[in-house]
Amino acid sequence: GVRNVPVEITEAITPLVVWKKELRANSGGAGRQRGGLGQTMELTNREDAPFGIFATFERVHFPPRGRDNGGSGSKGRISLESGEVLRNKGFQAIPKGDRLIVEMPGGGGYGDPMTRDADAVADDVRAGFIDTATAEKDYGVIVSEDFTVDADRTAARRQAAGD
């Protein structure tokens, strides 16, 4: 499908325009090894006409599970910019002028997220892979505005999570 082909090729061989293709922040499951991030793609038809897709998407109803106490990745989702949620399987028409939004699932995490290196969690925040709220909630790591780890608050937060 379109999700595995470079954007430039998709746009050259189809009437589709890819408006966005980016990583989905917070979509990888928490873990000592964080799950891989899903992507978001937004597409429209270059022509002033509807277009059809034959959907074959997995992990829309059930998230990719983590292993050894790792968290699940985010479920995928297929929708229209106008708000309608589409089925993950089968042929569907995208109305003229509407935008198809494909949110691909994130991978499950591996291992206990509270044992992930705190500096690695801060690096994930710096890179935009997770936000500070996820760093605290899922990893017990307090990341400051300058992307450094607040070691004392992190130790206290992780201790409280273990109780």
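D138 is partly exposed, with a relative accessible area of 24%. That value falls in the middle class because buried is reserved for residues under 20% and exposed for those over 50%. Please keep in mind as you read on that this is a predicted model.

**D138 and its surroundings**

D138 belongs to helix 3, which spans residues 132–139. Its side chain makes a polar contact with the side chain of K137, at 2.8 Å. If we set aside neighbours within four places in sequence, the residues in contact with D138 are A30, P113 and M114. A161 can also be placed relative to D138: the two are 23 residues apart in sequence, and their C-alpha atoms are 9.7 Å apart in space.

**The two sides of helix 3**

Now let us turn to the helix as a whole. Its buried residues are T134, A135 and Y139. These cover an arc of only 105 degrees around the axis, so they sit on the same side of helix 3. On the other side of the helix, A133 and K137 are exposed. K137, the polar partner of the D138 side chain, is thus named here among the exposed residues. What covers the buried residues of helix 3? The cover includes helix 2 (118–127) and helix 4 (151–162).

Both ends of the helix offer a detail worth a look. At the start of helix 3, a side-chain oxygen of D131 comes to within 3.3 Å of the backbone nitrogen of A133. Just after the helix, G140 adopts a positive phi of about 70 degrees.

**Q92 in strand 5**

Elsewhere in the model, Q92 is part of strand 5, residues 89–94. Is Q92 buried or exposed? Its relative accessibility is 6%, so Q92 counts as buried, the cut-off for that class being under 20%. The side chain of Q92 reaches two backbone atoms: the nitrogen of R87 at 2.7 Å and the oxygen of G90 at 3.4 Å. Beyond its neighbours within four places in sequence, Q92 is in contact with F51, G52, I53, A55, L86 and R87. R87 therefore appears both in that contact list and as a backbone partner of the Q92 side chain, under the 3.5 Å cut-off for a polar contact.

The polar pairs described above are gathered here for easy checking in the viewer.

| Side chain of | Partner | Distance |
|---|---|---|
| D138 | K137, side chain | 2.8 Å |
| Q92 | R87, backbone nitrogen | 2.7 Å |
| Q92 | G90, backbone oxygen | 3.4 Å |
| D131 | A133, backbone nitrogen | within 3.3 Å |

How values were computed: Residues are numbered from 1 along each chain as its sequence is written. This is a predicted model: local features need pLDDT of at least 70, side-chain atom pairs count only at pLDDT 80 or more; totals for chains, interfaces and linings use all residues. Side-chain values use heavy atoms; hydrogens and water are left out. Helices (H or I, at least four residues) and strands (E, at least two) are DSSP runs, numbered from the N terminus. Buried means under 20% relative accessible area, exposed over 50%, partly exposed in between (1.4 Å probe, protein chains only). Contact means heavy atoms within 4.5 Å. A polar contact is a pair of N or O atoms within 3.5 Å; within protein, one must be able to donate a hydrogen and the other to accept it, and residues adjacent in sequence count only if both atoms are side-chain atoms. The arc is that of the directions from the helix axis to the C-beta atoms.
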